[in-house]
Number of protein chains: 2
Amino acid sequence: MRQPREILLNAFTMNCVGHINHGLWTHPRDRSHDYTRLDHWTQLATTLEAGLFDAVFIADIVGVYDVYGGAIDLTARESIQLPVNDPTLLVPAMAAVTRHLGFGVTVNTAVEHPYTFARRVSTLDHLTDGRIGWNIVTGYLDSAARAVGKSAMAEHDARYDRADDYLALLYKLWETSWDDDAVRRDRDARVYADPAGIHEIHHDGPFYQSRGYHLSEPSPQRTPVLFQAGTSGRGQRFAADHAECVFISAGDTDTARKVSRQLREAVVAAGRRPDDIRILVGISVVTGETDVLAEARLEEYVRHANPEAGLAHFAAGSGIDFSAYGLDDEIAYGPTNAIQSTTALARQRGLTKRQLLAQLALGGRYPLIVGSGDTVAAELGRWQAEGEIDGFNLTRTVVPECWEDFVRLVVPALQKRGLYKTAYGERTLRHRLFGEGDRLSPRHAGSKRRAHFGLGAAK
Amino acid sequence: MRQPREILLNAFTMNCVGHINHGLWTHPRDRSHDYTRLDHWTQLATTLEAGLFDAVFIADIVGVYDVYGGAIDLTARESIQLPVNDPTLLVPAMAAVTRHLGFGVTVNTAVEHPYTFARRVSTLDHLTDGRIGWNIVTGYLDSAARAVGKSAMAEHDARYDRADDYLALLYKLWETSWDDDAVRRDRDARVYADPAGIHEIHHDGPFYQSRGYHLSEPSPQRTPVLFQAGTSGRGQRFAADHAECVFISAGDTDTARKVSRQLREAVVAAGRRPDDIRILVGISVVTGETDVLAEARLEEYVRHANPEAGLAHFAAGSGIDFSAYGLDDEIAYGPTNAIQSTTALARQRGLTKRQLLAQLALGGRYPLIVGSGDTVAAELGRWQAEGEIDGFNLTRTVVPECWEDFVRLVVPALQKRGLYKTAYGERTLRHRLFGEGDRLSPRHAGSKRRAHFGLGAAK
């Protein structure tokens, strides 16, 4: 068991109505349909910063969930991540009303050439003054492939090879194209930037080619904090090379500990230290003034949740059309080209559809913690210690009250137990997470790229 | 001469230091180097809304200006649109502090597949509540092509064929994928959206293929207000089909009138009405309490401007390396694959380099109007009437004072002459510009696409 320290906390959300806990948009107090309004997001950011959240983590998907019943019927009716708007565009408005809150934004490497994507991220790092993280996803929906004119998604492992090449090019742009002292802003000498400090990068990789200057001057973190969620064998190797924060799914602390140890071993094998990654588990929390009131609130939520919608969501991730099963049929899991073991459910073989649905009572498949602020704080502390993890991606239930309740009830209880910060640290998101400066660790692959160009250690 | 009406006014800027009037970043009061800070942009938005500006028009370039001297030396030293950050990410923060100001954002069709770009724009239209415009550019820098792994930019006319296909796919996504009444938000019936009202689009064009549902529900304008700047023969045909606002360059009112008449004829030939497009001319203004004070301010600005930097910028647009010419050499213009006649200078054959530089005294190549608020207002009125145009893209000089001075001195003078609104109109950017509703005109190509699908007239 590792020594407990301050728990890291991300709010897990998405620029859409139904994210993880499906059906709750029908709750009379739920406002998730306001996702198209800027004030919905600026209010969220303000609430999270009041609760000292480390970051808001914004999921994304390109494509639609059309596996369940072979159609989008339930997807549309329950707004299961459809409609879904662009996540990056929420960040500038939320950053404008906060000073410390970090942002983890999901962007699929299949969407855009790394050259222009690099600028998009650098722009966000500038505008947030070093508070941006990127959740690297490599895509898994065939519907997305068809939408951008390809016949089917690339095979699972090949997607990671392509992503490796994508990252290699990004590191060149972010870390090596502009020297730290290239920007002078010297009005008298008429030198905004010294051309000798700006370098054309050359990349001739198996998937991407580029020759050019990075369009952005160096931002506070240069490379954003890198998040990743793949926990398959190939996904773990990718995480070991690139990720600074890994988001895992685990139904219990034993599973969390097992995955956590595997990941840290892989990180060490990649020449880094076990603590060079932060591991976060996805959870749902329903809290109240007392345990009894929290249970009552859960019961009220469950009446609006839709377990079948949760199953339709899971169908897309697992590639299995659960609609074809009877309630007492055992689900047969076969090999799939979809997400591999990002969900705890996928590891539970031999369940019937009825048993699956029972686990999705709140409409989602994340471990659920219910109780007073102190009960939840104790359980989060147990997860952290026994699961050997660093923190949590907290999913939403009924918004905005789920965030407000957590900040009001759970945060003070965590603080009382010494499990949570009482003020934000200074500087960038990366420095607050790792305490080793604003830039990539010298042990990270992207930083080595930097050293290779004779640019010295990251500052 | 057309009847004068209220002048349309866009602030013309870019997410970079040096935009049009180069060298002014060295002026002691200039703050354009604050472009990486959110408050720089939110303050701009607030100033512009106080001045009832119709929109802020944000230029962009992917690639660098490396024609002048065959290198980026002067480009870097004078920050000639390098560094340059992403323009779209400024909009959410500016939208959050304004209610009426529109946004015209430049995005190159070569950057991203239309499927994901469509969602990015829909997201902006949602978050701004219908205030988004898109300035369609098809790209012209070889440096950009190399940066995204292509050997050279496509030939000029072929770029427009590709853009036509890009737009055709976008119209399908924006206008036809979701019915107006598809989104129900009916909690009791558990129907967020009716699947029967969401249609998969199919596109098998010469350049782009797609099969899928648009990811965003209908936004207030569906298709953003379409801006365009190409005034070559092929560019005019493209504008006649697609553009709602056209941004032209003209050194004098005779040229403006000629281009304006050509454009409106092309629009009529495309089955639209002459007033279905708004034509805006790029200008620079230096104003002051009196004419004498304005001239003094100009003199002060000119001391910090850099005409050679203006020439380096123009070199990239024209494809001519002016650095190879002596001061008294006449410039030889040949055929080029670059921008065709978007600039008035390009039409002035037979100038020597010295004469060109004299026209770039303020560091930029836009017509310059200098004087008191009333003098400038009179001159803008003359341009509008004689040039048969609808308004202006006002470039920046020394920021933020150029915006503040214009709002303080010129706007009231325009209002006194009845040439400018005294309050914002209601609803979306499109409705404020054309007064015919939030959606594309039924005469527009994108709207015909809608009718083709039996979806009725735009509302």
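The exercises below, each with a worked solution, concern a predicted model.

**Exercise 1.** Determine how the radius of gyration of chain A compares with the value that the globule rule gives for 459 residues.

*Solution.* Begin with the secondary structure of chain A, which consists of 15 helices and 13 strands. Next, take the radius of gyration, which is 22 Å for chain A, and set it beside the 23 Å that the globule rule gives for 459 residues. The two values are close, so chain A is as compact as a globular protein of that length. To complete the picture, add that the C-alpha trace of chain A spans about 70 × 50 × 45 Å along its principal axes, and that 64% of the 459 residues count as buried. Finally, turn to the contacts in chain A between residues at least 6 apart in sequence, of which 77% join residues at least 24 apart.

**Exercise 2.** Describe where Ser177(A) is found, decide whether Ser177(A) is buried or exposed, and list the residues that it touches.

*Solution.* First, locate the residue: Ser177(A) is part of the loop between helix H6 (156–176) and strand S5 (183–186) of chain A. Second, apply the cut-off, by which a residue is buried when its relative accessible area is under 20%; since the relative accessible area of Ser177(A) is 0%, this residue is buried. Third, look at the surroundings, where, leaving aside residues up to four places away in sequence, Ser177(A) touches Lys172(A), Gly197(A), Ile198(A), His199(A), Ile201(A), Tyr213(A) and His214(A). With one of these residues there is a polar contact, as the side chain of Ser177(A) reaches the backbone nitrogen of His214(A) at 2.9 Å.

**Exercise 3.** Examine the backbone of chain B at Gln81(B), at Arg190(B), and at the peptide bonds that lead to Pro83(B) and Pro400(B).

*Solution.* Start from the general expectation that most residues other than glycine have a negative phi, and that most peptide bonds are trans. Now consider Gln81(B), whose phi is positive, near 55°; this residue lies in the loop between H2 and H3 of chain B and is buried, with a relative accessible area of 5%. Arg190(B) likewise has a positive phi, near 55°, and lies in the loop between strand S5 (183–186) and strand S6 (191–193), but at 23% relative accessibility Arg190(B) counts as partly exposed. Then turn to the peptide bonds: the one from Leu82(B) to Pro83(B) is cis, with omega near -5°, and Pro83(B) lies in the loop between helix H2 (73–77) and helix H3 (91–96). The bond joining Val399(B) and Pro400(B) is also cis, with omega about 0°, and Pro400(B) belongs to the loop between strand S13 (391–395) and helix H13 (401–416).

Technical notes
Residues numbered from 1 in each chain as written. Chains lettered and ligands numbered in written order. Predicted model: local features only at pLDDT ≥ 70, side-chain atom pairs only at ≥ 80, totals over all residues. Heavy atoms only, no water. Helix = DSSP H or I, 4+ residues; strand = E, 2+ residues; numbered from the N terminus. Rg over C-alpha atoms; globule rule 2.2 N^0.38 Å. Buried < 20%, exposed > 50% of the residue type's maximum accessible area, 1.4 Å probe, protein only. Contact = heavy atoms within 4.5 Å. Polar contact = N/O pair within 3.5 Å; in protein donor to acceptor, adjacent residues only side chain to side chain.
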